[in-house]
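Here are a few short exercises to work through with the model open beside you. Try each task before reading its solution.

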Amino acid sequence: MPSLTQEQIIQARETDLLDYLLSHESGVLKREGANYRHREHDSLVYVASKNYWYWNSRGRKINAVDYLMEIRGYSFVDAVERLAGCGTPTVSHYTASGSREQRKPVEKKPFRLPWVKRCATFAVSYLQRRGVHSDIIRRCMQLGLFYESRYNNEAVCVFVGRDDTGTGRFACVRGIAGDLKKDISGSDKRFSFCYPPDQPGSRHLAVFEAPIDALSHATLQKLEGWQWNGYRLSLGGTSPVALVAFLERHPEITRVALYLDNDLAGRVNARKIKALLKSDQRFSKIRVSVNPPRSGKDYNEKLQRTLQAIREEKHASRQKQAAVSI
């Protein structure tokens, strides 16, 4: 794992899971007295008196790295990289009398959008190389949902999530030349990146794991002429926090299509999210479908395969015309 340092691995393993969930996935927590229970995995409980998470169905304790790998489907490298940026690990503090440890209040970092690079040449070129249509990139920039910046001296794309007033509440960065993927500190997952419908009044919502998949889906619609008008929401992974918050803000939504990745984590979590919505009285009447891409791992890979097929078809057509003209 050449991309990870020993310090990052240690920090990730010492990251307090409760602090992480309160900051990034507060919607999945259910308070039970001094303890917490996970809404999606009700056998996963935070035991306040002992300051650890216990997974009853597995008969063992888990930490933040275990959580991201086993429940959210992250690889070890991705889990460490995500947790290494979540702040310093919580240190246990005991009273002088030796009583049970006291938890310090969670200190959430203030959210600030990364600075905006005036010319977004590299970021725009990056999305174009991934197949995203120029009109869609332009609209994202006009709406303040996408721009170029630098993070740790690396050129990055910034995808922004805004609330109903237009205020930036969430941002994630994607390395243009490298593999950097990170949520900006203080981001509110409830306001994740969302590409709005072309026409107001939509009752449809499409859900993806990443912003680039949402934009790829919009590009495919443009290429293939689908008659569809709806919101495209990125979860920033497979947690339902952003989805539940979006539906709470938009009670008019009647249809949700889950376009998560076509891998084990994507398929499993899509089924869990569908079950979660059906079990919630607020959302039980919403029609929910699970639509992983039929080709490729995700919708960006599907888009690139579609574009390649179009190029090959055009090339074959030109060759045929040339042969006829000879």
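**Exercise 1.** How do the residues of the lining of the second largest pocket divide into nonpolar, polar and charged?

*Solution.* Keep in mind that this is a predicted model.
Step 1: find the pocket by its centre, where Gly27, Val28, Arg39, Val244 and Arg282 lie nearest among 22 lining residues.
Step 2: sort the lining by residue type, which gives nine nonpolar, four polar and nine charged residues.
Step 3: note the space enclosed, a volume of about 360 Å³.
Step 4: look for helices in the lining. Both α8 (241-249) and α9 (264-279) supply at least two residues each, and α8 gives the most, with five.

**Exercise 2.** Find the cavities of 30 Å³ or more and describe the lining of the largest.

*Solution.* Step 1: search the whole structure; one cavity of 30 Å³ or more turns up.
Step 2: identify its surroundings. The largest cavity is lined by 13 residues, with Glu25, Tyr74, Arg82, Gly236 and Ser239 closest to its centre.
Step 3: take the volume, about 70 Å³.
Step 4: classify the lining of this cavity: four nonpolar, five polar and four charged residues.

**Exercise 3.** Which residues of α2 are buried?

*Solution.* Step 1: apply the cut-off, under 20% relative accessible area.
Step 2: list the residues of α2 that pass: Leu17, Leu18, Asp19, Tyr20, Leu21 and His24.
Step 3: compare with the whole helix, residues 17-24; six of eight are buried, and α2 is mostly covered.
Step 4: check the start of α2, where a side-chain oxygen of Asp16 comes within 3.0 Å of the backbone nitrogen of Leu18.

Terms used. Residues are numbered from 1 along each chain as its sequence is written. This is a predicted model: local features need pLDDT of at least 70, side-chain atom pairs count only at pLDDT 80 or more; totals for chains, interfaces and linings use all residues. Side-chain values use heavy atoms; hydrogens and water are left out. Buried means under 20% relative accessible area, exposed over 50%, partly exposed in between (1.4 Å probe, protein chains only). Helices (H or I, at least four residues) and strands (E, at least two) are DSSP runs, numbered from the N terminus. A polar contact is a pair of N or O atoms within 3.5 Å; within protein, one must be able to donate a hydrogen and the other to accept it, and residues adjacent in sequence count only if both atoms are side-chain atoms. On a 1 Å grid over the protein atoms alone, a cavity is a set of points where a 1.4 Å probe fits but cannot get out, and a pocket is an open set with protein on both sides within 12 Å along at least five of seven lines; lining residues have an atom within 4 Å of a point. Grid points are joined across faces, edges and corners, and a volume is the space filled by probe spheres set on the points. Ala, Val, Leu, Ile, Met, Phe, Trp, Tyr, Cys and Pro count as nonpolar, Asp, Glu, Lys and Arg as charged, and the others, Gly among them, as polar.
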